[in-house]
Amino acid sequence: MLSNKLQKELNNQMNNEFFAEYEYLSMAAYFHAGNLDGIANYFHVQAQEEHFHAMKIFHFILDKGGKVELQQIAKPDVDFASPVAVFEKALAHEQKVTKSINDLMDEAIKENDHAVNSFLKWYVDEQVEEEASASKALGKMQIIGGKGEGLLMMDQEFAGRSFTAPAE
Ligand code: FEO
């Protein structure tokens, strides 16, 4: 059985992941509106990953005999100052998620809950990749200054990205 505290925190984390899906969809919309459908595709794939992250927690809570409590999803930002600002926000968001996963892991360790600890290891590893990927994308966007031909090249590069559900 999950402790009440871990059940609550897992439900909160699931909500964080659904919110992240929303945030990335909002970023995708920003780039579609700017005729950069390839970069929009990058954020659609991000959104799909976040949905996967949320649903993985959804099923884990149920597998543990816990209660899934869906919460309201906050409104994401819908206005962005520039393409660079979007990628800065994406990286900051991933850093925040890493912190919340680490806090959750701290609680699992404190409670000596081995199943939750083992489950969360996947997220700890995933966050290393998520941060690295967001950091690289931001770095490229900063190099090109978020405009000109470089932006079109990034658009082409990101058009090819697709979502593959990671192995369970
Ligand atoms: Fe679910 Fe991008 O962290």
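# Exercises on a five-helix chain

The protein chain contains five helices and zero strands; helices (H or I, at least four residues) and strands (E, at least two) are DSSP runs numbered from the N terminus. The model is predicted, so that local features need pLDDT of at least 70 and side-chain atom pairs count only at pLDDT 80 or more, while totals for chains, interfaces and linings use all residues. Residues are numbered from 1 along each chain as its sequence is written, and side-chain values use heavy atoms, with hydrogens and water left out.

## Exercise 1: Overall dimensions

Task: State the order of the elements and assess the radius of gyration of the protein chain against that of a compact globule.

Solution.
1. From the N terminus on, the elements run α-α-α-α-α.
2. The radius of gyration is taken over C-alpha atoms, and the globule rule is 2.2 Å times the number of residues to the power 0.38.
3. For 168 residues, this rule gives a value near 15 Å; the protein chain has 17 Å, which agrees.
4. Along the principal axes, the C-alpha atoms fill a box of roughly 55 × 25 × 25 Å.

## Exercise 2: Burial, contacts and surface

Task: Determine what percentage of the residues is buried and what percentage of the contacts with a separation of 6 or more joins residues 24 or more positions apart.

Solution.
1. Buried means under 20% relative accessible area, exposed over 50%, and partly exposed in between (1.4 Å probe, protein chains only).
2. Of the 168 residues in the protein chain, 46% are buried.
3. Contact means heavy atoms within 4.5 Å. Among contacts with a separation of 6 or more, 81% are between residues 24 or more positions apart.
4. The protein chain exposes about 9000 Å², of which carbon and sulfur atoms supply 54%; accessible areas come from the Shrake-Rupley method with a 1.4 Å probe, and for residues only the protein chains shown count as cover.

## Exercise 3: The nonpolar cores

Task: Describe the largest nonpolar core and identify the helices that supply it.

Solution.
1. A nonpolar core is a set of buried Ala, Val, Leu, Ile, Met, Phe, Trp, Tyr and Cys residues joined through side-chain atoms within 4.5 Å.
2. The largest such core has 23 residues, and those with the most contacts inside it are Met27, Phe31, Ile39, Phe43, Phe87, Met141 and Phe158.
3. At least two residues of this core come from each of helix 1 (4-33), helix 2 (37-63), helix 3 (83-110), helix 4 (114-144) and helix 5 (148-159).
4. A second, separate core has 21 residues, including Met14, Ile57, Met105 and Ala108.
5. Beyond its neighbours within four places in sequence, Phe31 is in contact with Leu36, Asp37, Ile39, Ala40, Phe43, Pro83, Val86 and Phe87.

## Exercise 4: Positive phi in two loops

Task: Locate Asn35 and Asn112, and state whether each is buried or exposed.

Solution.
1. Asn35 is found in the loop between helix 1 and helix 2. Its phi is positive, about 65°, although Asn35 is not a glycine.
2. With a relative accessible area of 66%, Asn35 is exposed.
3. Asn112 lies in the loop between helix 3 and helix 4 and has a positive phi of about 60°, although it is not a glycine.
4. Asn112 is exposed, its relative accessible area being 54%.

## Exercise 5: Two helix residues

Task: Classify Met153 as buried or exposed, and give the separation of its C-alpha atom from that of Ile39.

Solution.
1. Met153 is placed in helix 5 and counts as exposed at 58% relative accessibility.
2. The C-alpha atoms of Met153 and Ile39, 114 residues apart along the chain, are separated by 9.9 Å.
3. For a further case, Lys8 in helix 1 counts as exposed at 56% relative accessibility.
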